[in-house]
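I opened my notebook beside the viewer and jotted down what I looked up, one topic at a time. Here are the entries, in the order I made them.

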Amino acid sequence: MDTEADLFYRQLPKVELHAHLNGSVSFETMETLIKRKPHLIEHRMTAILSGQRRALHECFQVFKVIHQLVDSEEDILMVAKAVIQEFAADGVKYLELRSTPREVTETGLTKQRYIETIRQCKREEVDIDVRFLVAVDRRHGPEVAMDTVKLAEDFLLSSDGIVVGLDLSGDPTEISISLILQVGHGKYLLSALEKAKNCGLKLALHLSEVRAHGNVCKQNIPIEMCLTSNVKGQTRGHPCVLCTDDKGVFCTDLSQEYQLAASTFGLTQETLWMLSQQSIGYTFAPEPIKQRLEKKWVELKQQIL
Ligand code: 6MZ
């Protein structure tokens, strides 16, 4: 049962800006999927439990297993509905979900239908505004990236405002192989990204996730951290948005991430409220939606704080 403190984190209205659909599939949904496809025996690998750690490239093995389990329109519909429902139950009022469109010949899934299916998941009965970022997996190289951008552009132009942007993700530990094959490194994907930007897609890029080729890493330049000074003196004030990334794989939720930040940095409920409210400004939502969210935060504050 929730303690009073837990309840605050759940009631705190939140904005989730970084959630990969297939990484967000909960344990319960995974069980349903496994029952449908019991021949896939690697399913025990789908979540990293509390206290466990995995290397980043091992996390990416997990996605491969999940992709085997989620490979039809029916699966995607079920998974997306469940993920949206779970974020809503966790107090998330605005969600930007990202996912890499896939085609699967055996089930007839196409990239177009993949995006279409997620678009259909907007549910009026839950109090959450959901937008979608079409993801480019860097490992698939420049041609696939360009095709994905074109597909995303079609949805951006034709639809109801649900597709708002483009995400660039994928296993960064494969970068050195990518460099040899000239596929996944950012420099090979620049023209696709430029096209995306020019057609009005907002960009969310995964960068510098691993020690790679940047000067800071090469020359071992230390990052200087003065936590108490920066918190007490408010010297930085740099925009900061708390997110989950892959709530299913990492066994977390956004309330837990807020709780973690609060206990690590000694943040008050008032500061947490500010942190979640200022996230509204960093969404890819159009201005009227941001204003609606701001209003909601003000109303809820009177009831909760
Ligand atoms: C980079 C990540 C990621 O697209 O099938 N993905 N890419 N860094 C991360 N940090 C851990 N977490 C997830 O969701 C799974 C895909 O999202 C990307 C990877 O490309 C992964 O295959 P979708 O819904």
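I began at Val 134, in this predicted model, and skipped its neighbours within four places in sequence. Val 134 is then in contact with Pro 101, Ile 115, Thr 148, Leu 151, Ala 152, Val 163 and Leu 166.

Next I looked up the largest nonpolar core, which has 57 residues. Val 134 is among those with the most contacts inside that core, and I listed Ala 80, Leu 95, Ala 152, Val 163 and Leu 166 alongside it. I added a reminder that nonpolar side chains tend to be buried together in soluble globular proteins.

Then I turned to the ligand and asked which residues are the closest to it. I found 16 residues around the ligand, with Leu 21, Asn 22, Ser 99, Thr 100 and Ser 169 the closest. Two elements, α3 (56-69) and β3 (129-137), give two or more residues to this shell. By residue class, I noted eight polar, four charged and four nonpolar residues in the shell.

After that I stepped back to the whole protein. I wrote down 13 helices and five strands. The radius of gyration is 20 Å, close to the 19 Å that the globule rule gives for 305 residues, so I filed the protein as being as compact as a globular protein of that length. Its C-alpha trace spans about 50 × 50 × 40 Å along the principal axes.

Two last look-ups were on packing. I got 32% of the 305 residues as buried. Among contacts with a separation of 6 or more, 78% join residues 24 or more positions apart.

Terms used. Residues numbered from 1 in each chain as written. Predicted model: local features only at pLDDT ≥ 70, side-chain atom pairs only at ≥ 80, totals over all residues. Core = buried A, V, L, I, M, F, W, Y, C linked by C-beta atoms within 7 Å. Buried ≥ 20, exposed ≤ 12 C-beta atoms within 10 Å, placed from the backbone. Contact = placed C-beta atoms within 7 Å. Near = placed C-beta within 6 Å. Helix = DSSP H or I, 4+ residues; strand = E, 2+ residues; numbered from the N terminus. Nonpolar A, V, L, I, M, F, W, Y, C, P; charged D, E, K, R; others polar. Rg over C-alpha atoms; globule rule 2.2 N^0.38 Å.
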